[in-house]
Structures are given as structure tokens and as C-alpha cells.
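Thank you all for coming; please have the model open while I talk. I will keep to the ligand site and then turn to two points of backbone geometry.

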Amino acid sequence: MQVNTAHAPERAVSLSARRSGPLTGRVRPPGDKSISHRAFILGLLSVGETRIEGLLEGDDVLRTGAACRALGAAVERLGEGRWRVRGRGIGALRASAETLDFGNAGTGTRLMMGVTGGNGVLARFDGDASLRKRPMRRILDPLIQMGAEVRAQADGGRCPVLLQGTHEPAPIEYRTPVASAQIKSAILLAALNSPGQTIVIETEASRDHTEKMLAYFGAEVASVPERESGRRISLKGRPELQPAPIVVPADPSSAAFPLVAALIVPGSDIVIEGMMMNPLRTGLLTTLQEMGARIEVLDCRSEGGEDVADLRVRASELKGVDVPAGRAPSMIDEYPVLAVAASFARGETRMRGLAELRVKESDRLAAVAAGLATTGVASTIEGDDLIVSGSAGRAPGNGFVATHLDHRIAMSFLVMGLAAERAVAVDDERMIETSFPTFRALMTSLGAQFA
Ligand code: S3P
């Protein structure tokens, strides 16, 4: 199996985007990253053959594929986006002597900590400079409660982490301290090998792909509302997972880039095909519609168990809005590009409750504010809120933005460059490979100009 980073240049590669003519055409963004990780993982945990179509072949997901291989699965590429996994089954993973190197991928690392932590495997987790800064205690704490043991860790529970999994994870009831699908998923994946029932309670619902895919593979998993906007998820341990074919819909977090680009580049009119419309992922769409975006949702249908639709997006005059904190889990990865949309709006946009942005691939709150300052857009951070002063369509640009090994910071500011008065450059485009390897080609096909 190839892992693309083998060919990635060692040094930063800058890229610049400049004011482009109207964006036009139809595009299909790559497969959803969250679902792609889970497809490999459930393939590993079921006995037999899992076929995957439309997998995101970005570095993050390929690293999860490589980890599944290290734990004993046969992982094969059959064609573009088409993969086959022959799994080992719950409780039957192979110990891996090699370090599981997840590169830039927090999701792969955390979900796999759940897998190895509940399957009696000793595994060493590591990654790049960005991953080494990210908090892992939030995953290790519940796994320790279940019986796993942390043998080594860097300061504050960071990678590299050496984790000894337990062969018999204790069933627990766990209230997640923050709305995080990664925490919930790590617990559920560990709990698959537990002799009892495990319950995870979240006060704000986070994306539910793990629960949905587990149910699709035959596990007994139930999710019921908890208070106003939370969920209580219960899973019965030791199911026999039955492999089932997976079709991966287009990633709304990647679709966000051509979507915002078409809104802010005057005269644009594009169609984004096959975008996943899972309501726990569509907060950006709701917000942009409140801002006055002309987005038509066409041909709603179901593909591979998820709602999908095509979106017709036309250049729009946006107005500033107040984005409630409760919406954050459904658009957590989209705030950088929303901040770019807000830069072109009329009036002020306040995005509330963004504490979790500080622990993503970079400190995104700081990185976005710094990027906006560099490109002549006024913004302030008040507590956990970001406030952006819109330019009513005339963001100055003309900046060189630091991306801090963060793919979404790079793509967001390149999108800004397509509509700003002067070009916007980012210091490093290499990380775009982790989630959206076809970003430049796809955007260029719509008329975007990069140099
Ligand atoms: C993801 C969950 C989110 C998101 C990440 C992918 C997932 O993280 O930011 O890109 O696939 O479970 P949190 O759930 O920790 O907020």
C-alpha cells in the first residue's frame, strides 16, 4: 500500500492564489475523511472482506490504512477510491512492533488508540510536530478507566504515547468533557471488546458516523436524545461485526472550500455534487444561508446510508451574523473558511464558543486571527469568540499567511486570495495532501488561479 508522504517534499512549499474570474462548473469533492477512517477501522475489526468505494486517498486516511495493516488486516487498493480490507475481527488483532506513525492525523491516532486500547495490543503512537502538540489525555483517561495502561507519554499526555491495551475492557458509563466525536468513537471502539454494555453521554451531539457504521455492521448500538441537544449512546460489547460494502459520500468539510469560493468570487455559479447532508455536519450550510448565501439544495437522496445532495452555489452578497456556540460541533472544521466568508460580508460576524479550535491541527483561533490581520481584515478574539469585521466584498489580501502545518488554514486563505483585491500566499501547501489531495486541480477546473 502506498503512503503518499513518502514523496512529500521535506521543506515548506508556498502557494499563492489571486483574484479570479467567475468560478463555473460542476465538481465532486473527495470522500469524507471521518467516514474513510472508520471504513478502514471497521474493516479491520470484522472478519471477512469489506469493500470501500469513494475512499478519501489523503495522507491522514492512508496512515489509518497502514495502521490497520500493521495490526493484521490485508488492506488493498483496487482502483481509484476502491479498496478492500480483509479484517482480523474483535479481540484478534496482531501486536505491532513498529510505531504507528499517524503523521498529521488526530482522528486516526485517537480512534486507533481506542482500537488497540480495547484489544490487548501494545502500540506506540506518534506523528508530526503538529500531532505531537495535540492533547491525548482526553482519550487516554477513559481508556485507563476501561483497563488500558499508559506506559510512556510526552508532557501533558502527548505523543509519542506507548499504550498497553486491555484484553477485557471494563464496560463504563462516560460523560465526555467536550463535544468530541473522537473521544466518543475511541470509547465505543474499545468497548467493542468489552463483556458488557458501555454508555457514552455527550451534552452536545457530535458527528455520529461511528454509531451509524457500527449499526450497519450489525452491532447493537442505540442513541437517544439526552437533555436539550445531547445524546446518550449505548453499545453492547462483543458483537460479531459483519463486513458490509461502504460508499463514502463527498466530504462537507472539503466541499466548504469551493462553496465559499463560489460565494465570494463575483459572478460565480457552480454545482457541488454528492455532498453529505448528515445534519451533524451541515452547520456551515445553515450559517451561510443565514448570511444570505444563494445555495440551492438539489436532488436530495440517500447514498451508502447517508443523506446526500447536490448544491448549486452562486456568488452572493453576504451579511454578518451571530453564530451560536451550540452549532460548533456541526461545523467545527469549517470555522477558518467561515471566517474568510465573513471577511467579505457586510457587517460583523461573531462566532461563539470556539475553545476546541485551539487544539486542532494548529491553534486555529490564533492562526485565523493572525491570517486575517496579515491580509488586512480586522478581527478580535474575546474569550472563546472570534469577531470578524466584514469588508462588504473588498478584502485587501496582499499577505503571506503562516499555516502551522494546518491544511484547513492553507485552503481557507487560498480561497480568500481568489476574491481579494491583491493575491494571498500561504507559507506551506504540503498539508493539503492530508485531507484534499485534489484541491488545486478541482479549484483550477472551476477557474481558480494559483501561482
Ligand atoms: C472528527 C471529529 C472532529 C473533527 C475532526 C474529525 C472525527 O474532532 O474536528 O476533523 O472524524 O471524529 P472532535 O470530535 O475531537 O471535535
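I will start with how the model is to be read and then go through the site.

This is a predicted model, in which local features need pLDDT of at least 70 and side-chain atom pairs count only at pLDDT 80 or more, while totals for chains, interfaces and linings use all residues. Residues are numbered from 1 along each chain as its sequence is written, and side-chain values use heavy atoms, with hydrogens and water left out.

The space taken by the ligand is the largest pocket. Around the ligand, with a heavy atom within 4 Å of it, are Ser34, Arg38, Thr107, Ser180, Ala181, Gln182, Arg207, Ile332, Asp333 and Lys360. Two elements, α1 (33–45) and α5 (181–191), each give two or more residues to this shell; helices here are DSSP runs of H or I with at least four residues, and strands are runs of E with at least two. Domain 1 (15–31 + 250–450) and domain 2 (33–247) each supply at least three residues of the shell, the bounds coming from an automatic or database domain assignment.

As for polar contacts, meaning pairs of N or O atoms within 3.5 Å, a polar side-chain atom of Asp333 lies 2.7 Å from an oxygen atom of the ligand, and a side-chain N or O atom of Lys360 is also 2.7 Å from a ligand oxygen. Gln182 takes part through a backbone N or O atom, 3.2 Å from an oxygen atom of the ligand.

Turning to the backbone, the peptide bond from Cys159 to Pro160 is cis, with omega near 5°, and Pro160 belongs to strand β9 (residues 158–164). Arg238, in the loop between β13 (230–236) and β14 (246–247), has a positive phi, near 55°, although the residue is not glycine.

How values were computed
A polar contact is a pair of N or O atoms within 3.5 Å; within protein, one must be able to donate a hydrogen and the other to accept it, and residues adjacent in sequence count only if both atoms are side-chain atoms. On a 1 Å grid over the protein atoms alone, a cavity is a set of points where a 1.4 Å probe fits but cannot get out, and a pocket is an open set with protein on both sides within 12 Å along at least five of seven lines; lining residues have an atom within 4 Å of a point. A molecule sits in a cavity or pocket if more than half of its atoms lie within 2 Å of its grid points.
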